[in-house]
Amino acid sequence: MKFFRLMELRTLAAIAVALAFLPAVAFAQTDEIQVYNGGIAERGAFNLTWHNNFTPKGSKEPAFPGGLANNKNLNGVTEWAYGVTDWFEAGLYLPLYSISKERGPTINGGKIRLLFAVPHADDRKFFYAANFEFSYNSKHWDDRRYTSEIRPIIGWHLHPVDIIVNPILDNSYVGGFKSLDFAPATRVAYNFSPKWALAVEEYADYGPLREFYSTRDQSHQLYGVFNRSTKFADIEAGIGFGLTSASDKITLKLMLSRDLYTRNR
């Protein structure tokens, strides 16, 4: 902890900028486009986040035979979360869905999520957490029926700047450790107030650890994002642009989140 606190601001900023502009990897479509910040629902609070993303200009070829081509698709999921303790949040993603030109409305599966975080991460200068997701996938959504995600979370609240890195590893349960897929996400945000923020986010997929994809086969998307807290809900919206030929060219994302129940109400 002391080591991180003693790091100079300029060094941290340089690391974040470098991460934000690294080239990326073949990025499959997803129901959730989000950089995790280590924040969890308060103990006893029940929260709903509604994720939606639309790709007006995406890949016209599916990532695998029989899969959905992510072009003019609406993908989304309702995420239900419960604050179990001040360091543990349990979540359920259900239903995962798409509306595509090829298949119309489809159900893509479901996920459970276990998020472990340093208590009160939102109030700390340096914070860390680890998120684990376990998925059951429809055949048109993923070529593997069962997959999982390992998402370490590290970040700094430098007031007014946030720097957050999620070095994600996707697991398809084949090929051992070297077959884990490295798909990091990074966020650098400027907070104008507790209710307003603007951010740059980068989502990448470099491929399996044993051998990353070539640059042209990697996917790299850079997003401009704004966050707004209101009485109705917390809003996150953004537009992403693909920077490699393997990336979806344009993607729009929208997240709405609010507590449905807390013990204090």
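How many residues lie between E2 and E3 in their hairpin? Select the two strands and count: E2 and E3 form a hairpin with 4 residues between them. Keep in mind throughout that this is a predicted model.

**Whole chain**

Start with the cartoon view. The chain has 2 helices and 15 strands. Switch to a surface coloured by atom type. About 13800 Å² is exposed, and carbon and sulfur atoms supply 63% of that area. Of the 265 residues, 48% count as buried. Now turn on contacts between residues at least 6 apart in sequence. Of these, 57% join residues at least 24 apart.

**Walking the strands**

Select strand E1, residues 46-57, together with strand E15, residues 250-261. The two run antiparallel and are joined by 10 bridges. Pick Thr-49 and look across to E15: Ser-257 stands opposite.

Now add strand E2, residues 73-83. E1 and E2 also run antiparallel, with 10 bridges between them. Asn-47 has Ala-81 in E2 as its bridge partner.

Step on to E3. Its pairing with E2 is antiparallel and spans 9 bridges. For a marker, label Trp-80 and its bridge partner in E3, Leu-92.

Next comes E4. E3 and E4 run antiparallel and share 11 bridges. They form a hairpin too, with 3 residues between them. Label Ile-99, then Pro-105 in E4, which stands opposite.

While the side chains are on, keep one rule in mind. In a regular strand, side chains alternate between the two faces of the sheet.

**The nonpolar core**

Hide the cartoon and look inside. Nonpolar side chains tend to be buried together in soluble globular proteins. Here the largest nonpolar core has 23 residues. Select Phe-127, Ile-153 and Tyr-203, the residues with the most contacts inside this core. Then colour the elements that give two or more residues to it: strand E3 (88-100), strand E4 (104-117), E5, strand E10 (185-193), E11 and E13.

Zoom in on Ile-153. Which residues does Ile-153 touch, leaving aside neighbours within four places in sequence? Its contacts include Tyr-36, Asn-37 and Gly-38. Leu-115, Phe-127 and Tyr-128 are also among them. So are Ile-164, Val-165 and Asn-166, which are in contact with Ile-153 as well.

**Aromatic rings**

Show every Phe, Tyr and Trp. The structure holds 14 aromatic pairs. Begin with Trp-196 and Phe-226. Their ring centres are 6.3 Å apart and the planes meet at 35°, so the pair is tilted. The pair links distant parts of the chain: Trp-196 is in strand E11 (residues 196-205), Phe-226 is in strand E13 (residues 219-229), and 30 residues separate them. Trp-196 is partly exposed, at 40% relative accessible area. Phe-226 is partly exposed at 32%.

Move to Tyr-206 and Phe-212. This pair is tilted, with 5.5 Å centre to centre and 40° between the planes. Are the two rings' residues buried or exposed? Tyr-206 is buried, with a relative accessible area of 10%. Phe-212 counts as partly exposed, at 39%.

Then select Trp-87, Phe-88, Phe-116 and Phe-132 together. These four form one aromatic cluster.

**Charges over rings**

Keep the rings on and add lysines. Lys-111 lies over the face of Tyr-93, at 4.3 Å from the ring centre. Now go to Tyr-223. The charged end of Lys-253 sits over its ring, 5.8 Å from the centre.

**Two loop stops**

Select Ser-138, in the loop between strand E5 (126-137) and strand E6 (146-157). Is Ser-138 buried or exposed? Its relative accessible area is 14%, and under 20% counts as buried, so Ser-138 is buried. Show what surrounds it. Beyond neighbours within four places in sequence, Ser-138 is in contact with Ile-107, Asn-108, Gly-109 and Arg-145.

Finish at Gly-175, in the loop between strand E8 (169-171) and strand E9 (181-182). Gly-175 counts as exposed, at 54% relative accessibility. Draw a distance from its C-alpha atom to that of Arg-210. The two atoms are separated by 9.8 Å, although the residues are 35 apart along the chain.

Technical notes. Residues are numbered from 1 along each chain as its sequence is written. This is a predicted model: local features need pLDDT of at least 70, side-chain atom pairs count only at pLDDT 80 or more; totals for chains, interfaces and linings use all residues. Side-chain values use heavy atoms; hydrogens and water are left out. Rings of Phe, Tyr and Trp (its six-membered ring) pair if their centres lie within 6.5 Å; planes under 30 degrees apart count as stacked, over 60 as edge-to-face and the rest as tilted. Buried means under 20% relative accessible area, exposed over 50%, partly exposed in between (1.4 Å probe, protein chains only). A charge sits over a ring if NZ of Lys or CZ of Arg is within 6 Å of the ring centre and within 35 degrees of the ring normal. Two strands pair if DSSP finds at least two bridges between them. Contact means heavy atoms within 4.5 Å. Accessible areas come from the Shrake-Rupley method with a 1.4 Å probe; for residues, only the protein chains shown count as cover. A nonpolar core is a set of buried Ala, Val, Leu, Ile, Met, Phe, Trp, Tyr and Cys residues joined through side-chain atoms within 4.5 Å.
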